[in-house]
Every structure is written in structure tokens, then in C-alpha cells.
Amino acid sequence: MFNKLADSIRQKPVIGWVIFTVVMVAVFLLGLLAASITERRAEIATLHANKVIEITGINPKSDEWGINYPREYNTWLKTKEMNFKSKHLGNMPEDVLEGRPEMVVLWAGYAFARDYSAPRGHMHAIEDVSHTLRTGTPGDGINDMQPATCWTCKSPDVPRMMHEVGITEFYKQPWSEFGAEIVNPIGCADCHDPKTMHLTITRPGLIEAFQRQGRDITQATPQEMRSLVCAQCHVEYYFKGDDKYLTFPWDGGMTVEAMEAYYDNAEYADWTHSLSRTPMLKAQHPDYEIFLLGTHAKRGLSCADCHMPYVSEGGIKYSNHQIMSPLKNISSTCQTCHRDTEDNLRNYVYEYQDKALEIRDRVEKELSKAHIMAKTAWDKGVVETKMKDALKLIRQAQWRWDFAVASHGASFHAPVETQRILAHSLDRSMLAQLELQKILFSLGVTDFTMPDISSKAKAQEYIGLDMKKLRSEKDQWIKTTIPAWLEKARAEGKYTMN
Ligand code: HEC
Ligand code: HEC
Ligand code: HEC
Ligand code: HEC
């Protein structure tokens, strides 16, 4: 081959010049690339050299870190914004049960049936967990509904408290125990080592899950860390045993089936459904696990590539810390890799989402019906042994539905996997109905009809919730308890934000 090339160059010298020019251009471009990498390193190095104050220990006060890193801090502050709506997601407050009242039936007997809103930015984490009806109105002789474990993914005060009181001791306290301690929303100390500013893992659940899988998280590459910091919270987990120890069910694998097998082996249930009496599983938000099965993860992307894109400002490049929908700013997210129009890129996302939602809506309708058919069978005095198969199908169907739906970005992160999970959920919902149809028939029920659950209020009344009472008790509690917690934290210098 080289002989042939040499011959051609001898015959037509111009070919030699063409090759020479191409090589020179390539060398020049490589040089530029190397320069830009060193330049970025240098920028970050000077950033560190410009430290104004020394941050030590676990400092949950992000405003103090902000003195050293104003760009990251100012973009982080913007996670408070509520001004963007994409077709299905965005950062605006949204009452999900209002739009999809079947979910009230799916969660009957569980706190989620009271109240469930779409996620907002990280700055709202403390406010939202305190304001939701799911945390009740503890204090003054009223018991907590939740353990302290519920704070785990809301605040850098969590690693601080774990350090002070011990990990097991932290989880097993009632939630309200730390009301005046856990006050700062998700911030710098959740993801960064203050000395080096390297990404770091602050949540024991993730470190322990890696250990049980025989992996060492300290060996993760910098690119993997750009996802693993998110995987501290955006994952599936449960509260294990009486100590409510936060545990990831990853020991046998991270797919929907592997985690179900883990829970089945442990004979674990989050609650017993109040209508169908099924031992249920509640999926949390397995964003990380589902993401790993999609095209982008397989090509080596991390969460930060789309949710924390680089921005350039006066010659300085930094990561945008306004973590939110990448569709807000397609030119700095998708378009750094894809040569396609904004409209096309946005529409790829919507197309995947719309197709998944077609199946999701079918599941919610059919699965809520299965729960109510089971309730009817119980009402007619069915013997327990006859219900076993149907209830197992309901448990499996709902685990799959919740897994796909509670991971809010799943239908884009891994569209094929998400459709697969939803298809299995619909399949099991229909099989449960077939089972229950036979049972109802044997009990002489030939005219099963659905109750009216066409609005959130109607569905909540149907499952027996007194929402007026719950709402007014909570409103009163929000007015008195939360300001008292914040005041105490402020007086002790633990909370300095406005
Ligand atoms: C300490 C736990 C924690 C960590 C770490 C964390 N998140 Fe979150 N994230 C949350 C919680 C909690 C919410 C919901 C907050 C609310 O609704 O009040 C949330 C919300 C979000 C949202 C929705 C925002 C919106 O505008 O609707 C996105 C997107 C998101 N996180 C992505 C990420 C990414 C990407 C990372 C890693 C770079 C990450 N998160 C790290 C806990 C965490
Ligand atoms: C949810 C996790 C998370 C939180 C919270 C967070 N960061 Fe970051 N930060 C990241 C990631 C991911 C990167 C990119 C690191 C990389 O590419 O190696 C980063 C990068 C940085 C860098 C390096 C320069 C740059 O911009 O790329 C600085 C400095 C920084 N963050 C400061 C802060 C400060 C200050 C806060 C609090 C106001 C904060 N971060 C909160 C995840 C987080
Ligand atoms: C290739 C780009 C890309 C990567 C990489 C990526 N995401 Fe997303 N993510 C998206 C898009 C697009 C959406 C849908 C946004 C919309 O519909 O407005 C989304 C949605 C989300 C949501 C729901 C936001 C909401 O408002 O409810 C969360 C949470 C989320 N992603 C977390 C993550 C986590 C955690 C990772 C890493 C494990 C990750 N994402 C990796 C592109 C990405
Ligand atoms: C850091 C680079 C990078 C970013 C940022 C990125 N992508 Fe990709 N994307 C890829 C790569 C690499 C592939 C795989 C391409 C291939 O194998 O042909 C891919 C594949 C795709 C595909 C087709 C495959 C599939 O299964 O989804 C779509 C659609 C897509 N990306 C949309 C988006 C959208 C929308 C965004 C912004 C929210 C985005 N990408 C952000 C690198 C990126």
C-alpha cells in the first residue's frame, strides 16, 4: 500500500502536498484540543487558587461556598426558579393526582394517596418534604408518619448529622426529630469535597451497595462520578428493618426483575393495599438504574453531560449548576453533540415520552380496576387462598408501573427498556383481571362496575380519606412548626439563607 502511495506521489506531486496539508491541519486541530483541555484545567486551578475563604468539615451552608465559587453558586440558586414547562415535565409545581386520579386508588392505604406533586428544583427539597401531607403533622402528642430516613436525599445537613450522631442512629429517629437541624436544601456539600472540590460520595447507601456488589466506589472514573453523585439520591431504595436503614436493593442486579427478586426473597412489602389487600412495593425513583440501560449511558455519557452543561462566561468555562430539564437550553445540552435543529431534538424527546405515556395511561386504568375487582371479591367473602395468584399479579404489575413512572426521565433516558417494563405491567394487570373475573363469577358477581374515581377528590373520598381534616391540620402545622424549626436553626447559626 505504501509503495503504491509513493508511486502515485512520484507521478503526481500534488497528491503529496494534499497529504502534507491534511496532516498539518490535523496536527493543528489536535493542538487546539490539547490547549483547550489544559486551558480548562488551568481555569479550574486558578479558581481554586482564588479561594477567598477556607471551607472545612461538612459545611451545609452553600452561601459560604458561594463566596469562593460565585458562578456555580449563582446558577445553583436558580434551581429555585419555576418558569419552565416542557410538554410533560419542567420545574413548575404540579399536582399529579389531580391529573391522574387513578393513582389515588393505586396507592390506597399509603401516604402517597394523600398528596403527590411533580418534582421541582433542588432548592425546594426541604420545603416540599415538609409541606407534603405525606409527612403528617408530628409534635404535640401526634406521632411521626415517617422515619428520619426521609430526610436522606434532601440536604447536606444529612451527612453532617450522620457524622454527629452515627448512621444507624440517624435513620431510626422519627422524622421530626431533626426538623431544626435539616434546613439547608441540596447543596455543595452533597457532591463536593471542600478541600479539592473533587466530586465525592456523601451518602452511605450508595457506598454500601457498591461494597455488597464487590465494587469499590473510590475507583470510579471522573466521568462515572458525574453520574454517581446523582445516584446518591436518584435511585431505587428501601427502609430496611426496624432501624429503617436506607438500603439499595442492588445485590442481585439493577434491573426491574433483579430488584423485584431481591424484595420477594426478603418477603418485603412497603404496605398492604387497603382495597385489594395486596402486599405492595413502592418504587422510588430509579433514574440512575434505568439510565444505564439506554443509548446515551452505553456511549459513555453521564447525567451532568445533559443536566449540568458547560457554559462560557468571559473566557471562563464552568458547569451550569441549575440542574433541570435539558430542554430549557438545547443549544448548550443536546446540540453540543448533535447536529440537528432544536425542534427536531425536542421532538425526539416528546415522541419517546408520548409513546410511553400511551401505555402508562392504559396501565393506570386497568390496574386500578384490578384493585377494585379484588376489593369486590373480598367484600363478597372470598377465601384468602383463592386470591393468591391475582394478588401476586397485582404486586408485579404495580411494581413495574411505578418503576417506569417514578423515574421521571426514563422514557427518554432508555425508551426501549421503559416500553418493555410498561408492557409487562399492562400484561400482568390484564392477567390479574382475568383471574379476578373468574373469582367474581364464582361468587355470583356478574355485573361488576367501576365506582366514580374521575377526579382526585372523588377517588380520595372513595378510598376513605378525610381530606378536609388532613389539609386544615397540615396548614395549621405549616404555619407554626416550620417557622419555629427555622428560627431555632438560624439562632444556632445553622441556616443563613434568606
Ligand atoms: C441529595 C440528593 C440529591 C442529589 C445528590 C441529586 N438530586 Fe436531583 N433531586 C433530588 C430531589 C429530592 C428532587 C426533588 C426536589 C423537589 O421536588 O422539591 C430532585 C429533583 C431533580 C430534578 C427535577 C428538577 C426540576 O426542575 O423539575 C432533576 C432534573 C434532578 N434532580 C437531576 C439531578 C442530577 C442530574 C443530579 C446529579 C448531578 C442530581 N439530581 C443530584 C435529590 C437529589
Ligand atoms: C448534585 C451534585 C452537585 C451539587 C449539589 C453541586 N455541584 Fe458543583 N459540580 C458537580 C458536577 C457533576 C461538576 C462537574 C465536575 C466534573 O466535570 O468533573 C461540578 C463542578 C463544580 C466545580 C468545578 C468547576 C466547574 O464548574 O466545572 C466547582 C467549583 C463547583 N462544582 C462548585 C459548586 C458549588 C459552589 C456548589 C454549591 C453552590 C456546587 N458545586 C454544588 C456537582 C454538584
Ligand atoms: C442525553 C441527555 C441526558 C442524560 C445523559 C441524562 N438525562 Fe435526565 N433527562 C433528559 C431529558 C431530555 C429529560 C426530559 C426533560 C423534559 O421532558 O423536559 C430528562 C429528565 C430527567 C428527570 C426528570 C425531570 C423532571 O422535571 O421531572 C430527572 C430526574 C433526570 N432526567 C435525571 C437524570 C439522571 C439522574 C441522569 C443520570 C443517571 C440523567 N438524567 C441523564 C436528558 C438526559
Ligand atoms: C455528550 C454528547 C451527547 C449529548 C449532550 C446528547 N447526545 Fe444524544 N447521542 C449521543 C451519542 C454518542 C448517541 C449514539 C449515536 C450513535 O450511536 O449513532 C446519541 C443518540 C441519540 C439519539 C438516538 C438514539 C436513542 O436511542 O435515543 C437521540 C434521539 C438523541 N441522542 C437525542 C438527544 C437529545 C434530545 C439530547 C439532549 C437532551 C442529546 N441527545 C444529548 C451523544 C449525545
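# Ligand shells, a long helix and the cores

The residues of the shell around ligand 4 divide into eight nonpolar, five polar and two charged, and I would like to begin there, with the reminder that everything I show today comes from a predicted model. Around ligand 4 there are 15 residues in all, and those that come closest are Thr295, Arg299, Cys334, Cys337 and Tyr348. Three helices, namely α15 (295–298), α16 and α17, each supply at least two residues of that shell, and among the contributors it is α17 that gives the most, with three residues.

Let me stay with α17 for a moment. This helix runs over residues 342–379, which makes 38 residues, and from its first C-alpha to its last it reaches 55 Å, close to the 56 Å expected at 1.5 Å a residue. Just after the helix ends, Gly381 takes a positive phi of about 85 degrees.

From ligand 4 I move to ligand 3, where α16 comes back into the picture. Here 25 residues lie around the ligand, and Ser86, Cys303, Cys306, Ser325 and Gly409 come nearest. The elements that give two or more residues to this shell are α14 (287–291), α16 and α19 (410–413), with α16 giving the most, four residues. By class, the shell around ligand 3 has 12 nonpolar, 11 polar and two charged residues.

One of the nearest residues to ligand 3, Ser86, deserves a closer look. Is Ser86 exposed, partly exposed or buried? It has 16 C-beta neighbours inside 10 Å, and because a buried residue would need 20 or more and an exposed one 12 or fewer, Ser86 counts as partly exposed. In the chain, Ser86 lies in the loop between α4 (70–77) and α5 (96–99), and, leaving aside residues up to four places away in sequence, Ser86 touches Ser325 and Leu327. Thr376, by contrast, is 290 residues from Ser86 in sequence and 40 Å from it in space, C-alpha to C-alpha.

The shell around ligand 1 also draws on α16. Of the 24 residues that surround this ligand, the closest are Asn91, Asp128, Cys230, Cys233 and His307, and the elements that give two or more residues are α7 (125–131), α10 (188–191) and α16 (303–307). Once again α16 provides the largest share, in this case three residues. The class composition of the shell around ligand 1 is 13 nonpolar, seven polar and four charged residues.

Now to the interior. In soluble globular proteins, nonpolar side chains tend to be buried together. In this model the largest nonpolar core has 94 residues, and those with the most contacts inside it are Val104, Val105, Ala374, Ala390, Ile394 and Leu436. Helix α18, residues 384–406, gives the most to this core, with 11 residues. Which residues does Leu436 touch, not counting those up to four places away in sequence? They are Ala370, Met373, Ala374, Ala377 and Ala390. There is also a second, separate core of five residues, which includes Leu327, Ile330, Cys334 and Val349; two of these names have come up already, since Leu327 is touched by Ser86 and Cys334 is among the residues closest to ligand 4.

A short word on the strands. Strand β5, residues 310–313, and strand β6, residues 316–319, pair in the antiparallel sense over four bridges, and Tyr310 stands opposite Ser319 in β6. The two strands form a hairpin with two residues between them, and in the turn Gly314 has a positive phi of about 50 degrees.

Let me finish with the protein as a whole. Its secondary structure comes to 22 helices and six strands, and along its principal axes the C-alpha trace spans about 95 × 65 × 45 Å. Of the 498 residues, 38% are buried, and among contacts with a separation of 6 or more, residues 24 or more positions apart account for 71%.

Conventions. Residues are numbered from 1 along each chain as its sequence is written. Chains are lettered from A and ligands numbered from 1 in the order in which they are written. This is a predicted model: local features need pLDDT of at least 70, side-chain atom pairs count only at pLDDT 80 or more; totals for chains, interfaces and linings use all residues. A residue is near a molecule or strand if its C-beta atom, placed from the backbone, lies within 6 Å of it. Ala, Val, Leu, Ile, Met, Phe, Trp, Tyr, Cys and Pro count as nonpolar, Asp, Glu, Lys and Arg as charged, and the others, Gly among them, as polar. The expected span of a helix is 1.5 Å times one less than its number of residues. A nonpolar core is a set of buried Ala, Val, Leu, Ile, Met, Phe, Trp, Tyr and Cys residues joined through C-beta atoms within 7 Å. Two residues are in contact if their C-beta atoms, placed from the backbone, lie within 7 Å. Two strands pair if DSSP finds at least two bridges between them.
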